[in-house]
Amino acid sequence: QALPQALADGEFSLVYQPQVLDGKIPVGVEALIRWKNGDMGQVPPDRFIRISEGNGMIIDIGHFVIDQALYDLSEINRHHYCQNLHLSVNVSIRQLQENGFTERLSASLLKYEFPANQLTLEITEGIFIDDLQYLIPVLHKIRSLGVKLSMDDFGTGYSSLSLLKQLPVDELKIDKSFIDNIATRNEDRLMVLNIIDIAQNLGIKVVAEGIEQAEQSHLLLDLGCNLQQGYFYCGPVDLDRLVEYCEQSNWSFEKN
Ligand code: C2E
Ligand code: MG
Ligand code: MG
């Protein structure tokens with residue numbers, strides 16, 4: 001019930017989590033939405049995104065996220081160490097079903113002068129097969145702008161492999177649940193190795209998410225996954241802290 005008013009009242013904001021190359025250099029960020037409500041305090045996205053998909057509010061929320069993220073990234077672009085940061089934004093399938101989604105996306109890219117090929121839309125693979133006939137042409141249209149597509153939470157849905165075969169994607173994100181035990185369970189490590197192989201054989205970029213320990217990060221680098229995201233590097237942070245993080249990382253990289 002509080003959702004419809006939340007957007008008008010400015011209760012949503014974005015935080016950014018760095019994506020790190022070779023365990024060292026931040027090369028991109030994922031935008032993550034936050035909702036702070038007067039009565040309820042912080043409400044996590046896992047609790048309100050699904051509801052907003054159900055009542056259609058995700059359309060407006062989604063436009064807010066894309067526009068705000070493009071604006072923010074063009075702002076921090078002015079800092080030496082944050083130039084050319086890649087931006088990943090989560091979108092739900094419901095947003096892609098809106099008429100004119102691609103046109104509006106294209107207009108936003110122009111408005112904020114953000115290069116299309118520096119933007120990735122992350123979609124979660126929990127898609128019903130019924131949606132595919134509609135979805136595939138939309139995904140092709142989005143890609144024709146130069147925007148990239150990523151399959152989020154890869155491996156957790158019913159039909160990851162079948163979808164991977166059918167959907168035009170540029171990247172897959174290995175879900176945290178596979179990463180959690182890679183340092184302790186051989187099966188998990190092999191599973192991740194195989195996912196990385198599939199991606200590489202298909203010429204798709206692979207990102208691992210939810211890295212919390214140095215050991216996980218090293219193992220993933222050994223397995224050939226050089227793009228990583230997780231609390232081990234940096235949690236989701238506001239813009240000021242993001243700039244600090246980029247400055248510090250690049251600085252220590254240049255020193256060593
Ligand atoms: P996701 O896209 O898979 O995002 C990753 C989630 O894992 C984020 O949770 C992030 O804060 C968390 N995370 C990152 N690194 C670590 C780690 O090392 N350990 C642990 N335990 N967690 C980590 P968050 O921000 O609560 O978002 C949850 C989900 O909500 C996202 O999963 C995404 O599916 C959805 N979401 C978030 N923002 C948006 C948005 O703007 N639009 C849409 N449609 N969905 C969003
Ligand atoms: Mg995501
Ligand atoms: Mg994910």
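The following dialogue examines the metal sites, the open and enclosed spaces and the nonpolar core of a predicted model.

Trainee: What makes Glu-30, Asn-90, Glu-122 and Asp-152 protein donors of the magnesium ion (ligand 2)?

Mentor: A donor is an N, O or S atom within 2.8 Å of this kind of metal. The atoms concerned are OE of Glu-30, OD1 of Asn-90, OE of Glu-122 and OD of Asp-152, and they lie 2.0 to 2.3 Å from the ion. These oxygen atoms therefore meet the cut-off. Along the chain, the donor residues follow the spacing E-x59-N-x31-E-x29-D.

Trainee: Why is it said that Glu-30 and Asp-152 tie together parts of the chain that are apart in sequence?

Mentor: Glu-30 belongs to strand E2 (residues 25-37) and Asp-152 to strand E6 (residues 148-154), so the pair links parts that are 122 residues apart in sequence. Both Glu-30 and Asp-152 are buried.

Trainee: Which residues are the protein donors of the magnesium ion (ligand 3)?

Mentor: They are Asp-152 (OD), Asp-153 (OD) and Glu-209 (OE), at 1.9 to 2.4 Å from the ion. Their spacing along the chain is D-D-x55-E. Asp-153 lies in strand E6 and Glu-209 in strand E8 (residues 205-209), so this pair joins parts that are 56 residues apart in sequence.

Trainee: What does Asp-152 bridge?

Mentor: Asp-152 bridges the magnesium ion (ligand 3) and the magnesium ion (ligand 2), which lie 4.2 Å apart. Asp-152 is listed among the donors of ligand 2, and Asp-152 is also listed among those of ligand 3.

Trainee: Why is Glu-209 called buried?

Mentor: The relative accessible area of Glu-209 is 13%. Buried means under 20%, and Glu-209 therefore qualifies.

Trainee: How do you know whether Ser-249 is buried or exposed?

Mentor: Ser-249 has a relative accessibility of 10%, which is under the 20% limit, and therefore counts as buried. Ser-249 is placed in helix H11 (residues 239-255). Leaving out residues up to four places away in sequence, Ser-249 touches Lys-24 and Pro-26.

Trainee: What can be said of the largest pocket, and which residues are the closest to its centre?

Mentor: The largest pocket holds about 1,500 Å³ of space. It is lined by 41 residues, and the closest to its centre are Asp-46, Asn-90, Thr-124, Asp-152 and Asp-153. Among the elements that give two or more residues to this lining are helix H2 (45-54), helix H3 (58-76) and strand E4 (86-90). The lining of the largest pocket divides into 16 nonpolar, twelve polar and 13 charged residues.

Trainee: What makes a space a cavity, and how many of 30 Å³ or more does the structure hold?

Mentor: In a cavity, a 1.4 Å probe fits but cannot get out. The structure holds one cavity of 30 Å³ or more. The largest cavity contains about 40 Å³ of space, which means that its volume meets that threshold. Its lining consists of His-63, Ile-66, Asp-67, Phe-101, Arg-104, Leu-105 and Ser-108. Helix H5 (101-111) provides the largest share of this lining, four residues.

Trainee: Which residues have the most contacts inside the largest nonpolar core?

Mentor: They are Leu-87, Leu-96, Leu-121 and Leu-172, in a core of 74 residues. The largest share of this core, eight residues, comes from H3. Apart from neighbours within four places in sequence, Leu-96 is in contact with residues including Val-91, Phe-101, Ile-123 and Tyr-134.

Key: Residues numbered from 1 in each chain as written. Chains lettered and ligands numbered in written order. Predicted model: local features only at pLDDT ≥ 70, side-chain atom pairs only at ≥ 80, totals over all residues. Heavy atoms only, no water. Donors = N, O, S within 2.8 Å, 3.2 Å for Na, K, Ca; no water. Buried < 20%, exposed > 50% of the residue type's maximum accessible area, 1.4 Å probe, protein only. 1 Å grid on protein atoms, 1.4 Å probe; cavity = no way out; pocket = protein on both sides within 12 Å on 5 of 7 lines; lining within 4 Å. Nonpolar A, V, L, I, M, F, W, Y, C, P; charged D, E, K, R; others polar. Core = buried A, V, L, I, M, F, W, Y, C linked by side-chain atoms within 4.5 Å. Contact = heavy atoms within 4.5 Å.
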